[in-house]
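Reader: Please pick a single part of this structure and go through it closely. I would like to know what covers it and what it packs against.

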Amino acid sequence: MSLAGLLTILLEPAGVDPVVAASVRRYVLARLPGIPGFLLFIAVKAYLEARGMTRPLFIIGWAANVVNLVVASLLVFGDRALERIGLPGIGLPALGSLGAGIATSVASTLLAVLTLHTAWRARPMGSSLLRGEHAEVRASARTLARVGVPIGMQLLTEVGVFAAITVIMGRLGATATAAHQIALGLASFTFMAVIGMSNATAVRVGRAVGAGERHGPRRAGVVGIGLGAVYMVVCAVLFLLFPRPLAALFTEDASVLDAAVPLMRIAAIFQIADGVQGVASGALRGAADTRFASLANVVCHWCIGLPIALFLGFSMNMGAPGLWWGLCAGLFAAAVMLVTRFVRLSSRAIAAVAH
């Protein structure tokens, strides 16, 4: 958390517009208090998903999003948010990016509280949080670390390269940065369903492995990857057909819309690879093969995608579209590597994880 806050002082030296950098810094600092709650939510969410309790998570997610929308509208726009729905102003200041960060922290904390409450109520009667002998607890902790740390590194690697591109985009000016955020926001929105498919695939593959099924893991993984691909093809078609109307949901600035449309078309292409690699990662998580996925993401995003992005964006003077083509290259490389790995791994019986 402290590192994330400190890194914001490097934005101006990296060439980011000072106005943009100041706005980012305010958001990050306001976002930091909500990070522990979000991490706790992620951990408890995995427990509930493994038990097949996904409906409460769906309801909790919607509740947190509604709270985030209301609080963000009030804090970001102040009295203007009230006036737009016909209510009188009460003296609320418009906090901008600071308000957005505060709202996100509030929503993250709410997510943690509600998921913890759900997990506590769903616990087996008479169970303990640390049930078992100390040796068993330590063995379980080691297993969780062995499987879980590479998952965390994988997420850090993928999210990190998108964050790096966002910072680099700041060198191209406020318009390019705004267009990038719009396209990335829409792509992230459609990717939410992929995350659900990825988690479901991980659970189904894991259960098949635990049950000792010979062909169950491959069947679950292939079905999940196929569903992710089909869904993302549909999203890609929408991005290709309606790039400007979709971008117009975020802004009326014509220059930003003009810059966002090419990025939306590139996003349409990389969405397919993003969906495939996202669900394939889940299939490998279900098979407890997390180290390969972590290393593959480092190679694909940082050794392939980022260098291509920098080459096309600056050496070839393609600007923002060049940076996005680099992201696209990294995602396609990841999709190929992860799917190939799962196909090979599931061609034979997969042993369940032992302590």
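Author: What follows is a close look at helix 9 and then at the core it contributes to. The model is predicted, and local features need pLDDT of at least 70, side-chain atom pairs count only at pLDDT 80 or more, and totals for chains, interfaces and linings use all residues. Residues are numbered from 1 along each chain as its sequence is written, and side-chain values use heavy atoms, with hydrogens and water left out.

Helices are DSSP runs (H or I, at least four residues), numbered from the N terminus. Helix 9 has 26 residues, which at 1.5 Å a residue should span 38 Å; its end C-alpha atoms are 38 Å apart, so the two values agree. The expected span is 1.5 Å times one less than the number of residues.

Several residues of helix 9 are buried, among them Gly-216, Pro-217, Ala-220, Gly-224, Met-232 and Phe-239. Buried means under 20% relative accessible area, with a 1.4 Å probe and protein chains only. The cover over these buried residues includes helix 8, helix 10 (243–247), helix 11 and helix 13; contact here means heavy atoms within 4.5 Å.

Consider helix 8 as one of these neighbours. Two packed helices are described by the angle between their axes and the distance between the axes. The axes of helix 8 and helix 9 come within 8 Å and cross at roughly 170°. Axes are lines fitted to C-alpha atoms over the stretch in contact, and angles run from 0 to 180 degrees between N-to-C directions. The crossing therefore makes helix 8 roughly antiparallel to helix 9, a label for angles over 145 degrees. On the helix 8 side the contact includes Leu-186, Phe-191, Met-197 and Arg-204; on the helix 9 side it includes Gly-221, Leu-227, Tyr-231 and Cys-235. The residues of this contact divide into 16 nonpolar, six polar and one charged. Gly counts as polar here, whereas Ala, Val, Leu, Ile, Met, Phe, Trp, Tyr, Cys and Pro count as nonpolar, and Asp, Glu, Lys and Arg as charged.

The largest nonpolar core has 55 residues, and Phe-162, Met-169 and Trp-324 are among those with the most contacts inside it. Such a core is a set of buried Ala, Val, Leu, Ile, Met, Phe, Trp, Tyr and Cys residues joined through side-chain atoms within 4.5 Å. Helix 9 (216–241) is one of the helices that each supply at least two residues of this core, while helix 11 gives the most, with 15 residues.

Methods: Buried means under 20% relative accessible area, exposed over 50%, partly exposed in between (1.4 Å probe, protein chains only). Angles under 35 degrees count as roughly parallel, over 145 as roughly antiparallel, 65 to 115 as roughly perpendicular and the rest as oblique.
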